[in-house]
Amino acid sequence: MPSLDQILENIHSYHPGADLALVRRAYEFAVKAHEGQMRRSGDPYVTHPVSVASVITELRLDVPSVCAGLLHDAVEDTSTTVEELTEVFGPEIAFLVDGVTKLGKLPYATREERQAENFRKMLLAMARDIRVILVKFCDRLDNMRTLDHLPVEKQERIATETLQIYSPLAHRLGIQWMKIELEDLCFKYLQPGEYEQIKQAVARTRRDRERYIAETERRIQGEMAQAGVACEVSGRAKHLYSIHQKMRRTGMPFEDIHDAIGFRVITKSTRACYEALGVAHSVWQPIPGRFKDYIALPKPNMYQSLHTAVIGPRGERIEIQIRTEDMHLVAEQGIAAHWKYKDGESHGVRRDDKKFAWLRQMMESQKDLDDPTEFIESVKMDLFGDEVYVFTPQGDVKALPKGACPIDYAYSIHSEVGDQCSGARVNGVIVPLRYQLRNGDTVEIITSPTQKPNKDWLKLVKTSRARTKIRHRLRREQRERAQAMGKDLLEKTLRKYGASYAKTAKHGDLERVAKELKCHSAEDLLCNVGYGKVTTRQVAEKVVPEDKRGGGGKKGDGIVEEGVGPLQQALRKVTRRTGTTGIKVQGEDGVLVRFARCCSPLPGDGIVGFITRGRGVTVHTRGCPKALDLDPERRIDVEWDGKASGSHPVAIQVLCADKPGLLAHISQSFSDSGVNITQAHCRATEDGRAVNTFHARVYNLDQLKSVIRSVSRIKGVYAVDRVAADA
């Protein structure tokens with residue numbers, strides 16, 4: 001654990017006028033607040049906030065940030081309140097602590113819902129003060145560094161969340177060193193077998209690699225000096241997760257990854273960057289398609305650099321990044337490199353700050369998302385992926401995710417342009433809507449007032465804004481259809497009761513009944529009737545008094561089954577009780593359901609059910625993309641029945657080297673984990689790898705994770721993934 005004196009010394013080194021007494025007070029407060037608390041490692045709990053504060057000083061942040069790091073768990077894990085921190089340390093530090101503090105004391109139905117609301121709160125605080133997310137990064141980094149002492153299941157959950165959200169967010173904020181360390185730590189816990197393989201392979205080649213780096217550094221430095229370009233040159237090997245991603249993307253074994261070494265050329269000016277690029281390309285043969293100019297077109301996080309790849313000394317492929325000293329500082333420290341200590345300086349997101357344009361857009365597109373799973377999925381879409389830069393007809397530049405299509409571009413302009421997008425011209429030529437935009441394209445959208453979004457668009461778009469808008473429009477249409485169906489069914493039933501729908505609606509009876517049945521409005525009531533959540537007889541009996549009913553209100557008229565709830569009535573029209581499915585629908589068991597083949601839920605997965613007319617309840621995993629496309633009005637609570645037993649189908653895809661005997665090793669791993677393979681599809685590819693899809697039956701999620709871990713440890717296996725059962 002770093003000492004308080006080390007932390008104070010670090011702060012003084014970059015901020016001599018800092019109020020170090022305030023840091024001492026925060027340290028003493030944290031020690032007292034966490035007194036008696038221990039970590040899983042057996043260390044005093046205060047070692048964690050002290051380590052977090054130390055990492056914050058590595059980002060060279062101000063005193064309030066360091067104090068927030070020392071106090072960040074005081075509200076969540078002790079009896080300390082935000083009001084108390086405000087009184088002792090002032091509103092600024094209290095706000096930072098509150099922004100990082102989880103909403104753990106509020107009740108949530110699922111872990112996903114809690115995660116989404118925690119992250120939503122943090123993003124909102126981050127939009128007001130960017131230091132909130134910087135403190136959270138340091139907290140998460142220390143947690144990842146000490147993950148060894150937690151159970152495997154918790155390690156995997158925390159590492160998955162980190163890889164899906166915190167690492168790409170660090171990339172978006174440009175904090176490269178933190179992104180790299182987080183990715184390598186996540187790789188270690190999520191794919192331990194592959195991590196060890198690559199780690200050992202890198203260790204075996206370390207001496208040769210270091211010798212090659214030193215030799216090439218001298219060669220580049222000499223060529224630049226001879227051309228009159230003043231610069232500093234440094235070489236480095238790619239980090240383990242980056243090598244793993246390249247092996248997975250290309251299907252090559254580690255021995256065939258020839259550009260796992262990169263070199264940085266740091267110059268004095270932007271002009272010198274382009275001169276250095278000219279020198280590199282004149283001395284070594286550039287590799288086509290590998291040059292990118294992020295100086296002229298900076299990334300959304302304001303990263304600037306020239307990227308190129310060449311056939312370097314000894315015929316090895318090497319990557320070269322060329323940037324100025326200021327650009328290098330931004331590349332490594334990101335937003336933290338822009339830190340200022342001037343009094344009155346706002347730490348929040350200013351409207352004119354281009355560095356945060358992506359954050360403003362993300363917050364605007366997510367503010368209407370109530371569903372927690374959809375919110376998290378949309379955030380991931382915004383954070384992941386490289387960008388392509390396209391031009392409007394007026395010459396303005398728009399950044400979109402790699403793989404984006406004209407529909408994404410249309411929605412980035414305006415939701416109405418997206419809804420009415422019927423075609424597109426790219427560089428003056430009409431292209432299909434599935435066309436993937438490329439850097440430098442000039443895009444013009446063709447609209448039609450009769451055009452409407454359709455489900456197929458969801459397969460094409462890459463931006464969360466487009467996906468959210470399309471889903472909203474499709475759900476609105478589904479709701480309108482359900483409302484019309486509910487109205488039609490209710491009209492028929494009311495006629496049997498001797499009543500008129502028009503008069504019932506006019507007199508406000510539907511609004512009254514809606515409140516009695518816990519619906520927000522008459523329109524919601526009709527939708528629930530259309531979806532089968534509420535029966536028409538339930539409504540009719542509350543509208544028409546018993547003494548005024550016609551002949552249709554008698555028992556045995558087929559409208560209702562005595563003593564059975566409305567959901568079960570709707571379901572039993574299409575299903576029969578022939579055995580257990582292991583699922584409880586709104587607490588009731590014995591109702592047959594169907595498992596969606598797009599995600600093949602297993603006991604242990606978070607699940608959600610959807611009412612489907614004529615097919616009962618379909619169960620999806622909570623994170624299933626297809627489930628997110630369905631109308632939330634049709635959603636129904638489902639849960640696993642702990643008493644149920646039985647195996648479930650699952651598909652596992654294994655990407656590996658095409659070597660004799662490897663398939664036998666993989667099959668043996670399935671057997672050792674107690675998993676029976678029911679079907680296998682194996683094919684070799686031209687680049688010396690094999691893609692194997694195994695269909696098997698497992699009892700629960702833990703057994704699936706066990707077999708995935710076992711297979712991933714086999715030498716020659718590059719990736720192991722769970723895929724759709726119909727893959």
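1. Start with Asn 427, which in this predicted model comes out partly exposed, at a relative accessible area of 48%. Asn 427 sits in the loop that links β9 (421-426) to β10 (429-431). Its phi is near 55°, a positive value in a residue that isn't glycine. Partly exposed rather than exposed, because 48% does not get over 50%.

2. Arg 314 makes a good companion to that one. Here phi is near 65°, again positive in a residue other than glycine. Arg 314 lies in the loop between β5 (306-311) and β6 (317-324). With a relative accessible area of 56%, Arg 314 counts as exposed.

3. Now helix α15. Its 14 residues (270-283) should span 20 Å at 1.5 Å a residue, and the end C-alpha atoms are 21 Å apart, so the two values agree. Buried in α15 are Ala 272, Cys 273, Ala 276, Leu 277, Val 279 and Ala 280. They take up an arc of only 160° around the axis, so they are on the same side of α15. Residues three or four places apart in an α-helix point the same way, because there are 3.6 residues a turn. Over on the other side of α15, Arg 271 and Ser 282 are exposed. What do the buried residues of α15 pack against? Their partners are α13 (206-226), β2 (261-267), β5 and β6. Those last two strands are the ones that flank the Arg 314 loop.

4. His 48 is worth a look if you care about polar side chains. This residue belongs to helix α3 (residues 47-58) and is buried, with just 1% relative accessible area. The His 48 side chain makes a polar contact with the side chain of Asp 139, at 2.8 Å. Setting aside neighbours within four places in sequence, His 48 is in contact with Arg 39, His 72, Asp 73, Asp 139, Asp 142 and Asn 143.

5. On to the nonpolar cores. The largest has 96 residues, and Phe 137, Met 178 and Ile 666 have the most contacts inside it. Helix α9 (residues 131-145) supplies the largest share of this core, eight residues. Phe 137, neighbours within four places left out, is in contact with Tyr 166, Leu 169, Ala 170, Leu 173, Ile 175 and Met 178. There is also a second, separate core of 24 residues, which includes Leu 400, Cys 405, Tyr 435 and Ala 466. As background, nonpolar side chains tend to be buried together in soluble globular proteins.

6. Ser 521: buried or exposed? At 16% relative accessibility, Ser 521 counts as buried, because the cut-off is under 20%. Ser 521 is in the loop between α23 (509-516) and α24 (522-531). Beyond neighbours within four places in sequence, Ser 521 is in contact with Glu 511 and Ala 514. Leu 510 is eleven residues away in sequence, with 8.2 Å between the two C-alpha atoms.

7. Last, a sheet. Four strands make up an open sheet in the order β13-β15-β14-β16, with mixed pairing. At the edges are β13 (593-595) and β16 (635-636), each of which pairs on one side only. Strands β14 (residues 607-612) and β15 (residues 616-621) pair in the antiparallel sense over six bridges. If you want a handle on the register, the bridge partner of Gly 609 is Val 619 in β15.

Note on methods. Residues numbered from 1 in each chain as written. Predicted model: local features only at pLDDT ≥ 70, side-chain atom pairs only at ≥ 80, totals over all residues. Heavy atoms only, no water. Buried < 20%, exposed > 50% of the residue type's maximum accessible area, 1.4 Å probe, protein only. Pairing = 2+ DSSP bridges. Contact = heavy atoms within 4.5 Å. Expected span 1.5 Å × (residues − 1). Arc of directions from axis to C-beta. Polar contact = N/O pair within 3.5 Å; in protein donor to acceptor, adjacent residues only side chain to side chain. Core = buried A, V, L, I, M, F, W, Y, C linked by side-chain atoms within 4.5 Å.
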